[in-house]
Amino acid sequence: MAQKFNYLFLSDFHLSEGRNPANGLIHRNEDFFQDVPFAQFIAHHVKLSRRETAVEYHNIPWKLVINGDIFDFLQVVTLPPEGAELFGVKGVRSHADLRENDRKFGLGTSSPEIVWKVTQIAKGHPIFFQALAWFMAQPGNELVLMKGNHDIELYWPDVQLRMRQLLQKAYEGWWETAVPNDTHALLPHFDDLPEALDLEKLQKQVSFPPAFLYEPGLFYAEHGCQFEPANAFRNFEDPRLTITDDFPDADKYIELPSGSLFVRYFFNDVEHIHPFADNMKPISRYVFWLLRHAPGELTTFLWTLLPQYLRARREVNKKLKNREDKAPQQEMEDPFLKAIHDIQIHSRESVSSSTWQTVGRLVGSLLLVLVVIALLFLAVRVVALGVYWPAIIAVLLALIFGYTASGMVQSLDDLLEGHYLFTGAGSIARLLNGGTHPGYGSVRYFIFGHNHEANALLLPPTDKNRPNYRQWYVNTGAWVPVFSESERLLREDEQLTFLRLVPGRVQHGDEAKNKDIPELLQWSAQANAPMPVRLFGE
């Protein structure tokens, strides 16, 4: 009989180098500052499963699913110290012997490089790793780490092994400082906890699904990056480069999409100047924030960072051109996965069709803003000369152009905040409801991350094969700050959102008795408890 679980779904933590243990300073590319709240969250749910009066939870283990982007390997840009450590990663002992690309932008995507990066992340986030390890020490608990576009390198077996070893090491550190019977500690010491985590048991307890997670009749989950073109991989399940005559070691590296290259060669430097830049959603908000508050930085971006990015991309594009006729790694021979790929491709094509609209509206709105500034400047100069009617005309034109620009910005935001994941969830629901793939049938919940927008929406009942229960699209949001004007009306900048799924609530034979509304919650560090997420109807 299969193990019974309750589920916790989270996504998009984007851990990078964290706090430097040598000086206590936080790396400027870091986006995750919720180590202690995450430990509170873990402890709360472990205690819930130990509480006899919590009937739905008592003695039922948790399966914690982190649905992509637990790490942001692209933002780990520190280099290993020169000498033996650097030699173990790159085969050279001096930074001067590294490729210029590595010196400027950090290590690449090979397995040894990512093993070093995930170790570096663990050093900067000790409480987070201790919380995960302590969770794994509880009887029956399991951890599922899904790949995302920022941590696709979890594909490497050695990185998976290193992750288990780091959990083992983190638990050892927690055990050394834990006080027996201290139930008020952040991570309490219970009598039945082991003295150490067993690596063989972790091999079974910690899993890394290649594409998606499916539980019959209950849920389908994936990260979501494959639904939009900028962050989609040619082969998400096996993202390695294919070997060519001029690059015989290609399969030791990951083939990154354009969005990842943009982060590596441009946006990491932007975040070094403005650490919050990546958290302003949509990105057009950051562009107009720059125009209002830091126009001087535009010269740095346009004259330094942009040419640097274009040079780097030109070099990458030369290599890619030589590989145009090379297919990606062979796909898994799974008819259901092939059908999922077809849905993702259709979504990417739909999103791509709006790309030129997005570019046009961004350029147009920027030009209109510049025209407004010029007209207002002209009005001031004319008034200074004592001539008023041209100033009135200039101000009126500025108001008209400003209103038009604001409308274009709003429509641009709507384009950038497209509902491609919701649409994709509906397509997968129809695929599963059709029952055409043995082993796969309809489910209640379609769970995604990726776009950082926590939401729970009913899928429209347009499918003739629809089951006799409701089906839901759920997005678990993010645990990084999201500076969005619309989001601020609904919840705090730091959302800390998650989905708690209790299968027992939807297993009644009488559907009317089932409690199927997704329990999308927000962790409150102040209250040390979960709170409902504010979601408004249309």
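In the predicted model, five strands, taken as DSSP E runs of at least two residues and numbered from the N terminus, form an open sheet in the order S5-S6-S7-S9-S8 with mixed pairing; two strands pair if DSSP finds at least two bridges between them. Strand S5 (213-215) and strand S8 (455-458) are the edge strands, each pairing on one side only. Direction ignored, neighbouring strands of this sheet are turned by 15° against each other on average, where axes are lines fitted to C-alpha atoms, for helices over the stretch in contact, and angles run from 0 to 180 degrees between N-to-C directions. Local features need pLDDT of at least 70 and side-chain atom pairs pLDDT 80 or more, whereas totals for chains, interfaces and linings use all residues. Residues are numbered from 1 along each chain as its sequence is written, and side-chain values use heavy atoms, with hydrogens and water left out.

Within this sheet, strand S6 (residues 219-221) is joined to strand S7 (residues 445-448) in the parallel sense over 3 bridges. Phe219 stands opposite Tyr445 in S7. Helix H14 (residues 420-434) packs on the sheet and touches S5, S6, S7, S8 and strand S9 (472-475), contact meaning heavy atoms within 4.5 Å; helices are DSSP runs of H or I with at least four residues. The direction of H14 makes about 140° with that of S7.

A further open sheet has 7 strands in the order S4-S3-S2-S1-S10-S11-S12, again with mixed pairing. Strand S4 (206-207) and strand S12 (529-532) stand at its edges with a single partner strand each, so one side of each lacks a neighbour in the sheet. Strand S11 (residues 519-524) pairs with S12 in the antiparallel sense over 4 bridges, and Leu521 has Pro532 of S12 as its bridge partner. Helix H5 (residues 126-137) packs on this sheet, touching strand S2 (62-67), strand S3 (142-146) and S4, and its direction makes about 135° with that of S3.

H5 also packs against helix H6 (residues 157-177), at an angle of about 90° and with the axes 8 Å apart. The two helices, H5 and H6, are therefore roughly perpendicular, the class for angles of 65 to 115 degrees. Residues in the contact include Phe129, Leu132 and Trp134 of H5 and Met163, Tyr171 and Trp174 of H6. The contact comprises 12 nonpolar, 2 polar and no charged residues; Ala, Val, Leu, Ile, Met, Phe, Trp, Tyr, Cys and Pro count as nonpolar, Asp, Glu, Lys and Arg as charged, and the others, Gly among them, as polar.

The structure holds 1 cavity of 30 Å³ or more, a cavity being a set of points on a 1 Å grid over the protein atoms alone where a 1.4 Å probe fits but cannot get out. The largest cavity contains about 80 Å³ of space. Its lining has 13 residues, those with an atom within 4 Å of a point; Ala211, Glu222, Gln226, Phe236 and Gln344 are the closest to the centre. Helix H11 (residues 335-352) gives the most to this lining, with 4 residues. By class, the lining divides into 6 nonpolar, 5 polar and 2 charged residues.

Key:
1 Å grid on protein atoms, 1.4 Å probe; cavity = no way out; pocket = protein on both sides within 12 Å on 5 of 7 lines; lining within 4 Å. Points joined across faces, edges and corners; volume = space filled by probe spheres on them. Parallel < 35°, antiparallel > 145°, perpendicular 65-115°, else oblique.
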